[in-house]
Amino acid sequence: MKNRQTIKTPFIKKPDRICKYALDSPHPDDEVSFNYLSIPFPYCHIHDHWEIFIVTDGALIHTINGKTYSMKIGDACLIKPTDAHYFTFESGKNVKTLTFTVKNEYMQKLCALYGDNLYDELSNSDKLLTERLPVEFITSIIPTILSIQANTLDTEARRFQTKIILNRVIDRFIFSAYNLKEQNPGWFNNFLTMLNNPHLDFDNVADLAKYTPYSYSRLSRIFKNHTGYTIIEYVSSVKINIAKDAFLYTDKTITEVAQEMGFLSISHFNRTFKKFMDMSPSEFRKANKL
């Protein structure tokens with residue numbers, strides 16, 4: 001979704017109307033519904049509900065709160081009730097839009113699944129939430145959309161299927177907006193991936209520094225700052241977590257598990273296990289016997 005302007009226009013067209021859920025929705029008694037249409041809506045308006053606007057075919061111009069966006073197939077945006085918007089496209093062009101209309105109460109319930117403050121955060125944000133949906137995703141939902149639109153489903157099935165699709169779309173919006181961006185440099189993530197191998201073999205922990213841009217002493221400080229563990233503690237925690245699963249889900253002996261995890265002595269394995277689990281391997285297996 002491309003913003004055709006870098007700043008807000010000095011003149012923002014005032015909304016001509018308030019679009020009400022009872023009139024916008026083909027099923028006003030449902031918490032969620034949709035319109036799958038091939039017509040522009042050039043009238044600036046706000047709502048008494050939320051909208052998720054998706055271009056499923058072609059391209060159009062969408063003006064939202066005074067900013068103009070070029071949208072093409074796969075582009076989607078979350079429209080708040082207070083967002084003034086309208087969209088147009090050239091006459092004769094093959095353009096289709098899928099617009100979910102969502103009652104405020106249902107949007108609150110959806111947001112509560114992710115976090116207590118998410119609804120207020122979205123409501124008060126000045127930032128337009130946008131998403132790029134893969135064409136394959138759009139293609140996969142259109143048959144269900146058409147079945148619902150053709151009234152081939154009973155009321156309960158229609159409501160259920162509509163909510164399934166909406167939830168899938170909302171998930172994409174939330175993940176894109178709030179997922180944890182990469183916090184570690186690439187070399188560090190590669191180093192962690194290597195350490196997560198329970199069969200990692202090394203003679204001296206200092207030798208691991210050769211896989212990084214730093215000396216061992218510098219690497220040790222960086223690693224501790226990032227993870228809270230020393231390198232040895234981290235490697236040991238990986239091994240103990242896997243050993244724990246072996247005790248829970250297999251009949252392997254303590255000796256077998258210790259050897260598989262690369263421990264040279266049972267006493268060392270027992271001490272390490274107890275350090276992380278606050279109990280010995282035999283106590284852990286007895287306490288968690290299935």
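Which residues of helix H10 are buried? In this predicted model, local features require pLDDT of at least 70 and side-chain atom pairs pLDDT 80 or more, whereas totals for chains, interfaces and linings use all residues. Residues are numbered from 1 along each chain as its sequence is written, and side-chain values use heavy atoms, with hydrogens and water left out.

The buried residues of H10 (under 20% relative accessible area, 1.4 Å probe, protein chains only) are Phe 269, Thr 272 and Phe 273. Seen down the helix axis, these buried residues fall within an arc of 100 degrees, so they line one face of H10; the arc is taken over the directions from the helix axis to the C-beta atoms. An α-helix has 3.6 residues a turn, so residues three or four places apart point the same way. On the other side of H10, Arg 271 and Lys 275 are exposed (over 50% relative accessible area). The buried residues of H10 pack against H8, helix H9 (254-260) and helix H11 (281-287), contact being defined as heavy atoms within 4.5 Å.

H10 comprises twelve residues and reaches 16 Å from its first C-alpha to its last, close to the 16 Å expected at 1.5 Å a residue; the expected span is 1.5 Å times one less than the number of residues. Helices (H or I, at least four residues) and strands (E, at least two) are DSSP runs, numbered from the N terminus. Just after H10, Asp 278 takes a positive phi of about 60 degrees.

Pockets were identified on a 1 Å grid over the protein atoms alone, as open sets of points where a 1.4 Å probe fits, with protein on both sides within 12 Å along at least five of seven lines; lining residues have an atom within 4 Å of a point. The largest pocket has a volume of about 350 Å³. Of its 17 lining residues, Phe 202, Lys 239, Met 261, Gly 262 and Phe 263 are the closest to its centre. Helix H8 (231-249) and helix H10 (266-277) each supply at least two residues of this lining, and H8 gives the most, with four residues.

The second largest pocket holds about 270 Å³ of space and is lined by 15 residues, of which Leu 37, Phe 41, Glu 51, Phe 87 and Thr 99 lie nearest its centre. Strands that each supply at least two residues of its lining include E3 (32-37) and E4 (41-47), while E10 gives the most, with three residues.

Technical notes: Grid points are joined across faces, edges and corners, and a volume is the space filled by probe spheres set on the points.
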